[in-house]
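Me: I would like to learn how to read a structure, one feature at a time. Could you take me through it, giving the general idea before the case at hand?

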Protein chains: 2
Amino acid sequence: MPVYIAGVGMTPFGKSGSTLLKLMRDAAGLAVARSDNQTIDAIYVAAMNPEEFTGESNLASRVAEALDLTGIPALRVETATSAGAAAFQTAFQGVASGLYRNVLVIGGEKMTHLSTSATTRILAKVLDEQERLCGATMPALAAMITESYRRKYHLSEARLEQILCRIAMKNHLNGSRNPYAQFREPISRSKYLSSKLIATPLRLYDCAPISDGAAAVVVSAEPTDLIISGIGQGTAPVSLRARPDFTSFPATQIAAAKAYDMAALSPREIDFAEIHDAFTPFELISIEDLGFFAPGKGGDAVEAGATSVDGERPINPSGGLKSRGHPVGASGVAQIVEAAKILRGEARFKLKREPRRALMHSIGGLATNNFVTIVERARDTARTRKPLQKTGAESLSALSRRKHAAADTRVAAEGEIETFTVLHVTPDGFLPPLGLALIRDKKGSRLMAQAEDIKQLKVGRLVYLRQVAGIYSFTVGSHLREVQQALRKLLRAARGRKNPARDARRK
Amino acid sequence: MPVYIAGVGMTPFGKSGSTLLKLMRDAAGLAVARSDNQTIDAIYVAAMNPEEFTGESNLASRVAEALDLTGIPALRVETATSAGAAAFQTAFQGVASGLYRNVLVIGGEKMTHLSTSATTRILAKVLDEQERLCGATMPALAAMITESYRRKYHLSEARLEQILCRIAMKNHLNGSRNPYAQFREPISRSKYLSSKLIATPLRLYDCAPISDGAAAVVVSAEPTDLIISGIGQGTAPVSLRARPDFTSFPATQIAAAKAYDMAALSPREIDFAEIHDAFTPFELISIEDLGFFAPGKGGDAVEAGATSVDGERPINPSGGLKSRGHPVGASGVAQIVEAAKILRGEARFKLKREPRRALMHSIGGLATNNFVTIVERARDTARTRKPLQKTGAESLSALSRRKHAAADTRVAAEGEIETFTVLHVTPDGFLPPLGLALIRDKKGSRLMAQAEDIKQLKVGRLVYLRQVAGIYSFTVGSHLREVQQALRKLLRAARGRKNPARDARRK
């Protein structure tokens, strides 16, 4: 059964005095009002962590009540920061199954009433426990991924900075034309360069802001002008250290392959894309993962202007998470809202070619649960699309036999720095600047550790690890050897005092 | 597309030293091992509040990783305490849509490592804010509902106690035959009667325990011996005071009507049911809501033994939440597991008639988000079932016009006690015994308030309300009038001292 998009709506993103329920109600009211058929069969709600952001549990029932729709089914779908995309794709299934004709999808989050450190702590809970215990935050790990990307593709620090700056400037320029965006002013190169370092090499203007907001879409069995032609979802290990490579996101690649396959489209047939640029380097990596540009070539495309609104393949014409804002549970739904408006010709800007096909890409956690959705103008889909069928599967038969790479936390005393960052904005209880590195030991195991001296941070450097209260730290060899020698001396002296008999024998 | 149940599995319920992920992995391993086709296309995870119970966010990605299934789609579905049923019905949609052939549904919760007061506090977050601020807990509101039921059907306190005792004894007897149950010993009438009062009239043995555990089911497009013939979901207002009646649950009635309609079955064609008996009175109310017995007649059926394993309509042959245990996110999935085992002839007891059709009923929050599922032996479904189609809808066009009954918190100074309870086990910061009542004022508004004197609690009694720091309390008239007179006297005296001119004029 084909599935369509009826009405869409969203609140302005940014700081809001409204409650989460009020924001959701406002967005839902707009989406339903703009639908031809205003009958709703079910409500699919997305929020990442209302339990901790606003203290609300049982959210789906509350949303139904706030909308005066008590009685009909309401449920919440959650996949961390991609929850909005997850609710949208789950609603697609509800309609495609024939169970419902119209499902109202609402994504929202209320975050700005908390301190930045409280919000950072809640967001960091999506990360692996061991990595989080060291003081790793989302920006810290995004920074390490960026450093790996830079080294893999032999970019100088200046070149990388230039590329990230271009992405930030483009998205802020796009956001300046979007009345719903949190930031509606272009930024200059000097403003970018003078912004605070958050986690080397990421600056404040490389990171999406903390935001409030909600977005809503009616997913429908009734034909409209917009058809959902492809959906896909993929997952990846939660811990950074369990990943073979940091310079691309397999969860995106899996999701994209499924969505392109279902829509029977190739990347070059997509007219524009809304991408999960929670950090500017995520836009760089994602445009490669989605097949728009070859691996390592995303930076060239950005610098050549290919991703600008008037370029060959506009990326984030709405401003993206970076400039539109990122109320986490809302973002995946907001991308659909923005794309629908552009496809319907309601945007305040012109793309180079008439937009007919849009791709939306959402990242959950540190790229552990990603979604790709393709929406097209219904009149432009003359080709044969594949019928819905299983698009990927893996056997669980070896469940109890396989080994968990991530669970192996034994470490040798020595290891090599694989990637690192210096965190300038740290979680509570950690003093900035905090040097963090992913260390690979001789057996190939990896773990996150704190640098005892940030001046020693260099990829490939041999370091010595120690563990105190479950947290690993490291130092370079010479320094450790001095400490060990001093320790041995002290121990000998201590033994000497406690064991006069043995002392006597030695004499 | 017809949807089937392949393998099922669960961990024993009770106190466990395992982590939530380990429990889920164990249950999933059993379900997949017992499926003919061990290929899994997607994972639908249910947990009510892992953020606060175990500090885990981004749960779906973690579960995929724990199962060595990273790569395939994984998402979490949440509707408070019915999350397991919600994930199961959402997985049904995933398969019925043609997107997936095999979806692994896993429900789980880890709760026993927290104190009872911490767990009660987290569970109470599903309730309405105003009601919770007074000290209302799930048992408190369940008790008020029970008291309303007792009065509506003119049951004496002794008769009600007899009925609830019979339900508790039956479920404990059933649980004694279930190797996965948390409590595996029958209880006597005297043991029930000597158990601690939690919230008048509910005793410890009227309440499901706090539990750890997980359950898993493979929902499949490949034909098996068990077909999912009916699903339904309904919602109701979150606050107790917004409900016209407390003696039945509309969310159950809506869900049941949809499920019976889809399965083309009537209640009397159901051979046995697994019901959400978080409190014994919920079983009483639910067997009426589900159409097994007429309103007010559930007690007679219970006392006549109709709901026993060897009765006409066995209810909770597995022991129910009461005796099997209630790890909240797992319960909705565990009901399917138990029913599948009974339908497959794997139970350790015989029902009066050969079981062919089972009904599962799950309650989210205070009956705000309920599910009904019907599963049948595939060879017994010769009749024509309805094709999937929209089974309920409501217009949202009047969104901005309708008034929220629940939002109206202005109150007159006087009101009448509509129902009440005395809470003997109170949340942190509230001293037992705590008298709570739902007060209806002259304009028909209702609110939750604390009794200043629990001896004054009587349905229909006129009381006077006052509000301190957002919390309402009440007292009967005469006492208040005395206070008011004393207050007026004091005010006059105070005015006298401050306004000698006026005082002078009076003279």
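Me: Which side chains of chain A and chain B meet in a salt bridge at 2.8 Å, N to O?

Reply: As a general idea, side chains of opposite charge can pair when their charged atoms come close. In this model, which is predicted, the side chains of Glu78(A) and Arg76(B) meet in such a salt bridge, with 2.8 Å from N to O. Across the interface of chain B and chain A the rule finds 2 salt bridges, and it also finds 28 residue pairs in polar contact there, both residues of each pair being at pLDDT 80 or more.

Me: Which helix gives the largest share of the side of chain B that touches chain A?

Reply: That share, 6 residues, comes from helix H3 of chain B, which covers residues 59-66. Sorted by class, the side of chain B that touches chain A has 34 nonpolar, 30 polar and 18 charged residues.

Me: How should I read the size of an interface, and what is the area buried between chain B and chain A?

Reply: The size of an interface is often given as the accessible area lost when the parts come together. Here the area buried between chain B and chain A is about 6600 Å², and carbon and sulfur atoms give 50% of that area. In terms of residues, 82 of chain B are in contact with 82 of chain A.

Me: How many salt bridges are there over all chains?

Reply: By the rule used here, the count comes to 60 salt bridges over all chains. One of them joins the side chains of Asp128(A) and Arg241(A), at 2.6 Å from N to O. This pair links distant parts of the chain, 113 residues apart: Asp128(A) is in the loop between helix H5 and helix H6 of chain A, while Arg241(A) is in the loop between strand E9 and helix H10 of chain A.

Me: How do I look for empty space inside, and how many cavities of 30 Å³ or more does a search of the whole structure find?

Reply: Rolling a probe the size of a water molecule over the atoms shows where empty space is left. The search of the whole structure finds 7 cavities of 30 Å³ or more, and about 60 Å³ of space lies in the largest cavity. That cavity is lined by 10 residues, and those that lie nearest its centre are Leu99(A), Tyr100(A), Ile231(B), Gly232(B) and Lys258(B). Strand E9 and helix H10 of chain B each supply at least two residues of the lining, with the largest share, 3 residues, coming from E9(B). By class, the lining divides into 5 nonpolar, 4 polar and 1 charged.

Me: Where in the backbone are there cis peptide bonds, and which residue other than glycine has a positive phi?

Reply: The peptide bond from Pro432(A) to Pro433(A) is cis, with omega near -5°, and Pro433(A) lies in the loop between strand E14 and strand E15 of chain A. In chain B, the bond from Thr200(B) to Pro201(B) is cis, with omega near 5°, and Pro201(B) has its place in the loop between strand E6 and strand E7. As for phi, the value of His154(A) is positive, near 50°, and His154(A) is found in the loop between helix H7 and helix H8 of chain A.

Technical notes
Residues are numbered from 1 along each chain as its sequence is written. Chains are lettered from A and ligands numbered from 1 in the order in which they are written. This is a predicted model: local features need pLDDT of at least 70, side-chain atom pairs count only at pLDDT 80 or more; totals for chains, interfaces and linings use all residues. Side-chain values use heavy atoms; hydrogens and water are left out. On a 1 Å grid over the protein atoms alone, a cavity is a set of points where a 1.4 Å probe fits but cannot get out, and a pocket is an open set with protein on both sides within 12 Å along at least five of seven lines; lining residues have an atom within 4 Å of a point. Grid points are joined across faces, edges and corners, and a volume is the space filled by probe spheres set on the points. Helices (H or I, at least four residues) and strands (E, at least two) are DSSP runs, numbered from the N terminus. Ala, Val, Leu, Ile, Met, Phe, Trp, Tyr, Cys and Pro count as nonpolar, Asp, Glu, Lys and Arg as charged, and the others, Gly among them, as polar. Contact means heavy atoms within 4.5 Å. Buried area is the accessible area (1.4 Å probe) that two parts lose on being put together, summed over both. A salt bridge is a side-chain nitrogen of Lys or Arg within 4 Å of a carboxyl oxygen of Asp or Glu. A polar contact is a pair of N or O atoms within 3.5 Å; within protein, one must be able to donate a hydrogen and the other to accept it, and residues adjacent in sequence count only if both atoms are side-chain atoms.
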